[in-house]
Every structure is written in C-alpha cells, then in structure tokens.
Amino acid sequence: MDILNSSADDKGGNNSFNQNPSDNSNNQDLATPELQADAPLQMVETAFLASTGSLIWFINVYFPLGLLKVFFPIPIALVYLRWNSRAAWMSALTSGLLLLVLIGPTRSILFVIPYALMGVLLGSAWQRRVPWIVSISLATLLGTIGVFFRLWLLSLLSGEDLWIYLINQVTNILEWLFVNLGILTTPSPFLIQIGAICLILLNNFIYLFVVHIAAWLLLDRLGNSIPRPPQWVQVLMDYE
C-alpha cells in the first residue's frame, strides 16, 4: 500500500510539475496581448489626428476662415500629449505626406513648416508642464522662422521679392505713426527692417496666445489638459 501510495503521489507530483509550465505559458500568452493592446490604438489615433490636422489646413486653403488657423497645430500636439514624441513626429510626417498627395508639395510644406513642427513643440512643452510664457515664446520664434521661410519659398516660386512688399507696408505704417506723433522725419531703412521683424514677432505672439487659450478650453474637456494659464487669464475667461 505504501508503494502504491508513493507511486500515486509521484504521478500526481509529476502531473503538477508538468502542468505548471503550461499554466505559466498560458498566463504569459494571455498577458502579452494586454501589454501590446496600446499599439493599434496609438496607430489609429496618430493617423486620425494627422488626417484631422491635414483636413483643417485643406479646408482653410480653399475656404479661408480665420478661426480654423487657431487649430492648425493642436491635433499634432494632442498626439504628443496622449502618446509620445515618436507618435507626434509620425503624425507630422503623415499629415505632410497626405497634403502632398491632395494639394501638392508647396502647400504641404507650408503646413509642415511651421504648423506641424509647432504642434510637436507645443506638445513637448505642454507635456513637461512649462509655463505659458515659455511655450508661447518658443513657438513664436518657430512661427517667425516659418514666416521667413514662407516669404523665401513664395518669392522663389513667384520670381518677386515679397520681403519688399512687407517692407513697403511697414513703411506706410511707420510714416502714418510719425505724422500722428508730430515727428518731422522719415523712418530710416534700419528702423523699417526692425519694425518689420517686430511686427512678425508680435503677430506670432498674439496667434500663439490664442492657440493656447483654444487648447486650454478644448483639451481640458478631452481629458488631456495643458498647464494652467496665468491667473489674470483665468479671471478674464471666468474659468474654474
């Protein structure tokens, strides 16, 4: 009886020994898809938000609306907030390629530089919770570079120097300002150049401030909040 019991115990022990690896492998097989479940979702969201950014630009090209311009960098910044920098760069590249097919290389590159790159920059700044003044200032510099790139590219394609057109506009503004201030002189070329650069910086700074307000109000409701604005902005917007 003891021999039979011991042999039965041995068989039971062997069975339990044989079952444990299969149980562990089954558990690992069940756990592996859970770890990889985010990959398809990341791919789908990246493609969807990239196409959203491209669609906003595409509509604005043929039906220019000032309101749409505010949302140019936000979809790519949202990809960065929801996933990571790699997904944001892939979204920027995908949106550029999609616009390349839809409306050609010139307009597609004008979206990538600066708005797609701006989306990556803003997403990185918002994820790191930097203050508004820092993210707005960095994006303003990038937007200013984008303006000069646009002027250079369009001047190259049109065969005309569009910088001169901008200088003429700034000259008219400065002359009007000098007349109203009673300054009996004409602005110097150096002052006109500085005024043009300052005008571009100011325009981009105001634009990025509006983008931050739109992202603050929108992304909060999507569960991907950005850093809080200064207190005076919250009081002005009456936002709690």
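These are my notebook entries on confidence, helix packing, cores and two single residues in a predicted model.

**Confidence.** I began with the pLDDT, whose mean over the chain is 83, with 84% of the residues reaching 70 or more. I then looked at residues 1-35, where the pLDDT is below 50 and where the model shows 0 contacts beyond near neighbours in sequence. I therefore leave this stretch out of my notes on local features, since these need a pLDDT of at least 70.

**H4 against H6.** I looked up how helix H4, residues 74-82, lies against helix H6, residues 105-127, and found that the two pack at an angle of about 35° with their axes 7 Å apart. I noted the crossing of H4 and H6 as right-handed. On the H4 side the contact is made by Ile76, Ala77, Tyr80 and Leu81, while the residues that H6 brings to it include Phe111, Ala116, Gly119, Val120 and Trp126. Sorted by class, the contact has 9 nonpolar and 4 polar residues, and no charged ones.

**Cores.** I next turned to the largest nonpolar core, which has 42 residues, and listed those with the most contacts inside it: Trp57, Phe111, Leu122, Trp126, Leu219 and Ile226. At least two residues of this core come from each of H2 (38-62), H4, H5 (85-103), H6, H7 (132-158) and H9 (189-221). I also recorded a second, separate core of 9 residues, among them Trp163, Ile167, Ile192 and Ala196.

**Trp126.** Which residues does Trp126 contact, leaving aside its neighbours within four places in sequence? I found Ala77, Leu81, Ser135, His212, Ala215, Leu219, Ile226 and Pro227. Two of these names, Ala77 and Leu81, I had already entered for the H4 side of the contact with H6.

**Ser135.** I followed the contact from Trp126 to Ser135, which is found in helix H7. Is Ser135 buried or exposed? I count Ser135 as buried because its relative accessibility is 1%, and buried means under 20%. Not counting residues up to four places away in sequence, Ser135 touches Leu122, Ala125, Trp126, Val130 and His212.

**Pro187.** I ended in the loop between helix H8 (162-181) and H9, which is the place of Pro187. With a relative accessible area of 11%, Pro187 is buried as well. Beyond its neighbours within four places in sequence, I found Pro187 in contact with Leu174, Glu175, Phe178 and Ile192; of these, Ile192 is also included in the second core. I also looked up Asn172, 15 residues from Pro187 along the chain, and noted a separation of 9.9 Å between the two C-alpha atoms.

Methods. Residues are numbered from 1 along each chain as its sequence is written. This is a predicted model: local features need pLDDT of at least 70, side-chain atom pairs count only at pLDDT 80 or more; totals for chains, interfaces and linings use all residues. Side-chain values use heavy atoms; hydrogens and water are left out. Axes are lines fitted to C-alpha atoms, for helices over the stretch in contact, and angles run from 0 to 180 degrees between N-to-C directions. Helices (H or I, at least four residues) and strands (E, at least two) are DSSP runs, numbered from the N terminus. A crossing is left-handed if the near helix is turned anticlockwise from the far one by less than a right angle, and right-handed if clockwise. Contact means heavy atoms within 4.5 Å. Ala, Val, Leu, Ile, Met, Phe, Trp, Tyr, Cys and Pro count as nonpolar, Asp, Glu, Lys and Arg as charged, and the others, Gly among them, as polar. pLDDT is the predictor's confidence in each residue, from 0 to 100. A nonpolar core is a set of buried Ala, Val, Leu, Ile, Met, Phe, Trp, Tyr and Cys residues joined through side-chain atoms within 4.5 Å. Buried means under 20% relative accessible area, exposed over 50%, partly exposed in between (1.4 Å probe, protein chains only).
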